[in-house]
Amino acid sequence: MLRRTNLSAAAIVAICFFLPWEQVSCGGARDTLSGLDLARHDQTLLFLVPLLMLAVIVANVLRRGNEQRTMLGIISIVASSVSGYLMNRQRLRVTDEAGLIAAQLTGWFWLALLATLAVLATGIGMLVSPKRET
């Protein structure tokens, strides 16, 4: 079950990266920025988020039985920690700059952040839980 949850959460993060993360409004005009838009403009390190989640997805798909459970757990923990840090840094940047132009984070950003935490939790669970003999 941990493996399926890990795979699903990583896929959610990768998909949410391409959905609107920020909504910016000034006067009557509104615009949204996805994680891809933010990475293209000034937050280049955000490109690591979908790449790291893709690594988790590939590791999940290529894993066979219980022999690579530890490696998958380590990959999940590292990928989700880096992704979570980068997303939290983006969250702090939005709240710091919210005084000049009204900017707020969308639900897709929060879903991606929660899914990143789920990848971290399942990665830790894979390392801590006992291995089953089949």
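This passage describes the nonpolar core, one helix pair and one strand residue of a predicted model. Local features were taken at pLDDT of at least 70 and side-chain atom pairs at pLDDT 80 or more, whereas totals for chains, interfaces and linings use all residues. Residues are numbered from 1 along each chain as its sequence is written, and side-chain values rest on heavy atoms, without hydrogens and water.

The largest nonpolar core (buried Ala, Val, Leu, Ile, Met, Phe, Trp, Tyr and Cys residues joined through side-chain atoms within 4.5 Å) comprises 24 residues, and W21, L46, V49, M53 and M87 have the most contacts inside it. Two or more residues are given to this core by each of helix 1 (2–16), helix 2 (35–41), helix 3 (48–62), helix 4 (69–96) and helix 5 (107–128), helices being DSSP runs of H or I with at least four residues. With residues up to four places away in sequence left aside, M87 touches W21, V49, F109, A112, L113 and T116, contact meaning heavy atoms within 4.5 Å.

The axes of helix 1 and helix 3, as lines fitted to C-alpha atoms over the stretch in contact with angles from 0 to 180 degrees between N-to-C directions, come within 9 Å and cross at roughly 150°. Helix 1 is therefore roughly antiparallel to helix 3, a term for angles over 145 degrees. R3, N6, L7, A10, A11, V13 and A14 of helix 1 meet V49, M53, V56, I57, N60 and V61 of helix 3.

S34 lies in strand 2 (residues 29–34), strands being DSSP runs of E with at least two residues. S34 counts as buried because its relative accessibility is 10%, the limit being under 20% relative accessible area with a 1.4 Å probe and protein chains only. Not counting residues up to four places away in sequence, S34 touches F17, F18, L19, P20 and W21.

Key. Buried means under 20% relative accessible area, exposed over 50%, partly exposed in between (1.4 Å probe, protein chains only). Angles under 35 degrees count as roughly parallel, over 145 as roughly antiparallel, 65 to 115 as roughly perpendicular and the rest as oblique.
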